[in-house]
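Reader: Hey, I've just opened this one and I'm a bit lost. Can we go through it together?
Author: Sure, ask away.

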Amino acid sequence: MGSTGADRTRPDRNRVLILNPESGDRTHVDDVVELAGDHGFEVRRTRDGGDATQLARETAPDADLVVAAGGDGTVNEVVNGVVAAEALESTTVAVVPAGTGNNFAANVGIESIEAGFEAVERDRRRRIDLGVADGRTFVNSCVGGVTAEASTETSSERKSELGVLAYVAATFEVARSFDSLPLRVETAAGSDGERRQTWNGEALFVLVGNCRRFAGSRTAQAHVEDGLFEVTIVEDAPPTNILGEVALERLFGRDSVHIVRRRTPSLTIESRRGPVEYSLDGELLETDRLSLETRASALEVVVGERYRSNPDARGVNRPRT
Ligand SMILES: Nc1ncnc2c1ncn2[C@@H]1O[C@H](COP(=O)(O)OP(=O)(O)OP(=O)(O)O)[C@@H](O)[C@H]1O
C-alpha cells in the first residue's frame, strides 16, 4: 500500500509522477499536482517532447512506481524510459489519464485522473506484454498505412470522441488519397496453435495491436497477457465497401473477405514499393521493412477495477467501440 496520512505532505522518493503539462486540453495540471502531493509523489514535469523518456530513465532505477500523467504519447515515452533504464523487473508503471485519447488508460481500466490515483492506492498489479518494433517499445499499437498519416492529422477534439470503428471511418475522411501499400506480412507461429503464415497483397492498413484491438469486436482492449499481437490487415477495396464490411463484421461477427486477422508473437512487414509510415502509439517511424515482436509479461502496470486479463471471457465486457 502507499503512504498513509502522516506521510502525505512529504514526497516519497520511491514514487515519481511524470507530468506532461501540454497533453489533452491542458486543464489537468493543478488537479494532478494536488493529488500527486496528497498521495506522496515527487512530481517531475516535462518541458518538451522526449523529456518523459529521459525523466523515466533517470528516476526508474530508484523508483518502485513511476506514474505517467498525460496521454498515450506520455505513457509510451515513460515505458521507453523504463526499458532504457533496464528497470522492468523492479519498476511498476501506472497511468493518470490526462491526454486526448487516453487509449492505454482505458485499456487497463482507468477512466479518470482520480481513478488513476485510486488505482495506485488499491495497488492491483498485472504484468502485461510490450511490443517492440525495430527496437522501439510500444504499448498500444503499431499502425501502418493511411491511419499513420491520418492519426496525426485528426483533430484532438475528434480523437477524444472516436471509438475504434469511427477511427477507421475518420481516417478515410481525413486522408485525401488512398494509395494502397504493396506489402508482404509474415507472421510467426504461436504457442496457441497459430501457424506461420505469409500474406502478400495490396493493403490499406496494417494494424498491430498489443493493448489495443481494432474493429470487429466488442471491446477495444486486446488480451495483453498472452504474448501475442492481434494483427489486422485491411485489404485494398473501395472505402465504402470496407466501412460496410467493418460495420457488418462488428455487428454480426461475420468474417470479411477484405479483412485478414492473425495472432502472432512476431511478424515482419515488408514494403515492395519504398518506405511506409508507421505510428507507434502515435509516434511516427518510416521504413520499408519493419520487424515486430512481443516481450511477453515484460511490464508491470497498475490496473483499475474494470481491467480484465482476458477481455473475451464471457459476461465481463461492456461494448466500447
Ligand atoms: N512540456 C511539453 N511541451 C510540449 N510538448 C510536450 C511537452 N511534454 C510532452 N510533450 C509532447 O506532447 C505530445 C502529446 O502528448 P500525449 O500523447 O501524452 O497527449 P495527447 O496527444 O493529448 O493524448 P493521446 O495521445 O492520449 O491522444 C507528445 O508528443 C510529447 O512529446
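Reader: Let's start with D62. Is D62 buried, exposed or partly exposed?
Author: Bear in mind that this is a predicted model. In it, D62 is partly exposed, because it has 13 other C-beta atoms within 10 Å, and a residue needs 20 or more to be buried and 12 or fewer to be exposed.

Reader: Ok, and where is D62 found?
Author: D62 sits in the loop between α2 and β3 (65-70). As for distances, D62 and E194 are 132 residues apart along the chain, and their C-alpha atoms are separated by 40 Å.

Reader: You mentioned α2. Which residues of that helix are buried?
Author: Helix α2 covers residues 51-59, and its buried residues are A52, T53, L55, A56 and T59. They line one face of the helix, because they fall within an arc of 165° when seen down the axis of α2.

Reader: Why would residues spaced like that point the same way?
Author: An α-helix has 3.6 residues a turn, so residues three or four places apart point the same way.

Reader: Nice. What about α1, which of its residues are buried?
Author: In α1 (residues 29-38), the buried residues are V32, L35 and A36. They cover an arc of only 105° around the axis, so they are on the same side of α1. The face turned away from that buried side of α1 carries the exposed residues D30 and E34.

Reader: What follows α1?
Author: G40 follows α1, and its phi is positive, near 75°.

Reader: Which residues other than glycine have a positive phi here?
Author: One of them is R26, with a phi near 65°. D134 is another example, with a positive phi of about 45°. In general, most residues other than glycine have a negative phi.

Reader: Where do R26 and D134 lie?
Author: R26 lies in the loop between β1 (12-19) and α1. D134 lies in the loop between β5 (125-133) and β6 (136-138).

Reader: And are they buried or exposed?
Author: R26 counts as exposed, because it has 10 C-beta neighbours inside 10 Å. D134 is partly exposed, with 13 other C-beta atoms within 10 Å.

Reader: Switching topic: I clicked on W199. Where is that found?
Author: W199 is in strand β9, which spans residues 197-209. It counts as partly exposed, because it has 18 C-beta neighbours inside 10 Å.

Reader: What does W199 touch?
Author: Leaving out residues up to four places away in sequence, W199 touches V185, I233 and V260. Between W199 and E121, on the other hand, there are 46 Å from C-alpha to C-alpha, and the two are 78 residues apart in sequence.

Reader: Zooming out, how many helices and strands does the protein chain have?
Author: The protein chain has nine helices and 15 strands. Of its 321 residues, 47% are buried. Also, if you take contacts between residues at least 6 apart in sequence, 76% of them join residues at least 24 apart.

Reader: How is the chain divided into domains?
Author: Domain 1 is 5-123 and domain 2 is 136-297. The two meet through 13 residues of domain 1 in contact with 14 residues of domain 2. On the side of domain 1 that touches domain 2, the elements giving two or more residues are α3 (72-84) and α4 (103-107). The largest share there, seven residues, comes from α3. By class, that side of domain 1 has five nonpolar, seven polar and one charged residues.

Reader: There's a ligand too. Which residues come nearest?
Author: Of the 21 residues around the ligand, G49, G71, G73, G99 and G101 come nearest. α3 turns up again, giving the largest share of the shell around the ligand, three residues. The shell divides into one nonpolar, 14 polar and six charged residues.

Reader: Last thing: what scores does the model have, and where is the pLDDT below 50?
Author: The model scores ipTM 0.97 and pTM 0.86. The protein chain averages a pLDDT of 83, with 74% of the residues scoring at least 70. The pLDDT is below 50 over residues 152-165, a stretch with 24 contacts in the model beyond near neighbours in sequence. Residues 316-321 are also below 50, with 14 such contacts. Where pLDDT is low, the predicted coordinates should not be read in detail.

Technical notes. Residues numbered from 1 in each chain as written. Predicted model: local features only at pLDDT ≥ 70, side-chain atom pairs only at ≥ 80, totals over all residues. Domains from an automatic or database assignment. Contact = placed C-beta atoms within 7 Å. Helix = DSSP H or I, 4+ residues; strand = E, 2+ residues; numbered from the N terminus. Nonpolar A, V, L, I, M, F, W, Y, C, P; charged D, E, K, R; others polar. Near = placed C-beta within 6 Å. pLDDT = per-residue confidence, 0-100. Arc of directions from axis to C-beta.
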